[in-house]
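Reader: Could you take me through one part of this model, the sheet and what packs on it? I'd like the cut-offs spelled out as you go.

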Amino acid sequence: MSGTTSSAIVIGCKLANGVILRLKNKPGVEYKLNGANAARVIGGYGLTTVPSDFWDAWVKEKAGFPPLENKLIFAQPTVAKAEGQAKEQEAVKAGTEPLDPQKPAPGITPAK
C-alpha cells in the first residue's frame, strides 16, 4: 500500500462467517471477507473484492495460515475466475458444514 492505485482482486472465502483481514503495519485498515453465510455464495464461498497490494501484503504476512493452505481462502483477478474456482472447489470441506441428520457421524444412528 504505497500510495499508488492498486488493482482489485476477488477473494473467495469458505469460512462460515468470513474473516477480517488486517496488517500489523497498517492499523485501522481492514477488509471483511464474505464467507459461507454471505447473501450470494458460489460453491460454498463468499466473494469479496479487495486491493491487490493489500492482499499480497496480507498473504506474505500470514504465510502458513491454515485456511490459505487448505484452499478455504483463495484469490483470482476477476469475478468470473473466482466463481469458476469456487465451483471447482465446492467439495473442499471447511469443517463447519451442517450434519446430515440421516448420517450424523460414523457409528451413530439417527433417533427413531
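Author: Sure, starting with a term: contact means heavy atoms within 4.5 Å. Axes are lines fitted to C-alpha atoms, for helices over the stretch in contact, and angles run from 0 to 180 degrees between N-to-C directions. Helices (H or I, at least four residues) and strands (E, at least two) are DSSP runs, numbered from the N terminus.

This is a predicted model, where local features need pLDDT of at least 70 and side-chain atom pairs count only at pLDDT 80 or more, while totals for chains, interfaces and linings use all residues. Residues are numbered from 1 along each chain as its sequence is written, and side-chain values use heavy atoms, with hydrogens and water left out.

Now the sheet itself: it's open, with four antiparallel-paired strands in the order β4-β5-β1-β6. The edges belong to β4 (41–42) and β6 (73–76), and each has a single partner strand, so one side of each has no neighbour in the sheet. Two strands pair if DSSP finds at least two bridges between them, and β4 has two bridges to β5 (residues 45–51), running antiparallel to that strand. There, Ile42 sits opposite Tyr45 of β5.

As for the helices, α1 (residues 52–61) lies across β1 (8–13), β5 and β6, at about 110° to β5. Helix α3 (residues 79–88) lies across β1, β4, β5 and β6, and runs at about 145° to β6.

To place that in the whole chain, there are three helices and six strands, following the pattern β-β-β-β-β-α-α-β-α along the sequence.
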